[in-house]
Amino acid sequence: MLIVMKKGSTPDETARVCDAVRAIGRTPVTVVIDGREAISVAAGNPPLDAGRFEGMAGVHQVVPLEAPYRLAARDARPRGTAITVGGRTIGAGGLFVVAGPCAVENEEQIVETARLMKQAGADALRGGAYKPRSSPYSFQGLGPEGLRLLVVAREATGLPIVSEAVDESSLDLVAAQADIVQIGARNMHNGALLKSAGRLRKPILLKRGMSATLDDLLMAAEFILDQGNGEVILCERGIRTFSQHSRFTLDLSVVPAAQTASHLPVFVDPSHAAGRRERVAPMARAAVAAGADGVIFEVHPDPDDALSDGRQALVPGEAAELIAQLREVAAVLSRKTEVAR
């Protein structure tokens, strides 16, 4: 917040405003802007009430500078949020890799993929039991049976599972089985679903809407945080632009921007953005180089016969190679960070 004093305001009036700022536990910083004295007050909790200062003698204008997302803002937790899943920490400087098929199709498919991804060094298994699709005639997922098969795969490998809830009716079912509940791009603006997810005590992977700004994404996260669930992971999955060479445009610049604006971990999904498997690995490596806390991508043992998004799914051998590459990129970044310190 910036409290701008009137031209000709007295030192006593400025001092009284500063005292009022100190009275609520903040530190006033006096600056001069365009010849006017102004008092800068840092963001924090509880949020500042502009009306408290607007009527004070000598005050010309109060300019709110705080982000509208109070709980998601970096100021709310300057050191960042760390989330523990399956014994691994998300958001503490390491790299968390999630791999698996777009949709759970049968037990053999999901268990085989889980075992191969476990051997490759993945940290979690993704798999859709419920699938929001652009066409009502496309495969919509196995529902509760898909969740059961994901649990079978977790029992066989120990990998935590990530799966999407598509509405409030599926949320409780997914939350009862999955280790991380995904809210997809189509539901980023679904306030009722976000609030319900906020009442869970389980990590939420929140994907950016395909036409959403960073502020839109952080405000969506705010719905969850406001209900008491502090374990939110932001996920960039590509946005719609005029580009025709990819399914979506993967906005990797949002990774450092989100990490500056917010304390929440940031993942990247290169599969949905690329739309073609040969482009997934380069974009995944670029995501880690940009500083992403995690990467989530699609793998299928037989992509040509996949019931959902097979064109963008890696085969297990390609996925294993990619995971090794991602670890290498993360290690290089970590060494450079240590040297810089």
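## Asparagine 187 and its neighbours

Two residues count as being in contact here when they have heavy atoms within 4.5 Å of each other. With that in hand, take asparagine 187 in this predicted model. Leaving aside residues up to four places away in sequence, Asparagine 187 touches Ala165, Val166, Leu193 and Leu194.

Where does asparagine 187 sit along the chain? You'll find it in the loop between strand S10 (180-183) and helix H6 (191-198). Is asparagine 187 buried or exposed? Its relative accessible area is 11%, and the cut-off for buried is under 20%, so asparagine 187 counts as buried.

## The barrel

S10, the strand before that loop, belongs to a barrel. Eight strands close up in the order S7-S8-S9-S10-S11-S12-S13-S14, with parallel pairing. Going from one strand to the next, the twist averages 25°.

S10 pairs with strand S11 (residues 204-207) in the parallel sense, over three bridges. Look at glutamine 182 and you'll see its bridge partner in S11, leucine 205. On the outside of this pairing story there's also helix packing to look at: helix H8 (residues 254-261) packs on the sheet and touches strand S12 (232-236) and strand S13 (266-268). The direction of H8 makes about 165° with that of S13.

## Strand S7, covered on both faces

In a regular strand, side chains alternate between the two faces of the sheet. What does that look like for S7? Phe96, Val98 and Gly100 are on one side, Val97 and Ala99 are on the other, and all of them are buried. Five of the five residues of S7 (residues 96-100) are buried, so the strand is largely enclosed by the rest of the structure.

Which strands does S7 pair with? One is strand S14 (residues 294-298), joined in the parallel sense over five bridges, and here phenylalanine 96 stands opposite glycine 294. The other is strand S8 (residues 124-126), which runs parallel to S7 and is joined to it by two bridges. In that pair, valine 98 stands opposite alanine 124. To get from S7 to S8, the chain goes through helix H3 (residues 107-120), making a right-handed β-α-β crossover.

## Helices H6 and H7

Two packed helices are described by the angle between their axes and the distance between the axes. For H6 and helix H7 (residues 214-226), the angle is about 45° and the axes are 6 Å apart. That angle makes H6 oblique to H7, and H6 passes H7 in a right-handed crossing.

Which residues meet where H6 packs on H7? From H6 there are Gly191, Leu194, Lys195, Ala197 and Gly198, and from H7 there are Ala220, Phe223 and Ile224. Leu194 may ring a bell: asparagine 187 touches it too.

## The open sheet

There's also an open sheet of four strands, in the order S2-S3-S1-S4, and its pairing is antiparallel. Strand S2 (28-33) and strand S4 (59-63) are the edge strands, each pairing on one side only. Here the twist averages 25° from one strand to the next.

Strand S1 (residues 2-5) runs antiparallel to S4, and four bridges join the two. One residue to click on is valine 4, whose bridge partner in S4 is glutamine 61.

## A backbone oddity

One last stop is aspartate 309, in the loop between S14 and helix H11 (316-340). Aspartate 309 isn't a glycine, yet it has a positive phi of about 55°.

Key: Residues are numbered from 1 along each chain as its sequence is written. This is a predicted model: local features need pLDDT of at least 70, side-chain atom pairs count only at pLDDT 80 or more; totals for chains, interfaces and linings use all residues. Side-chain values use heavy atoms; hydrogens and water are left out. Buried means under 20% relative accessible area, exposed over 50%, partly exposed in between (1.4 Å probe, protein chains only). Two strands pair if DSSP finds at least two bridges between them. A crossover is right-handed if, with the strands pointing away from the viewer, the path from the first strand over the helix to the second runs clockwise. Axes are lines fitted to C-alpha atoms, for helices over the stretch in contact, and angles run from 0 to 180 degrees between N-to-C directions. Angles under 35 degrees count as roughly parallel, over 145 as roughly antiparallel, 65 to 115 as roughly perpendicular and the rest as oblique. A crossing is left-handed if the near helix is turned anticlockwise from the far one by less than a right angle, and right-handed if clockwise.
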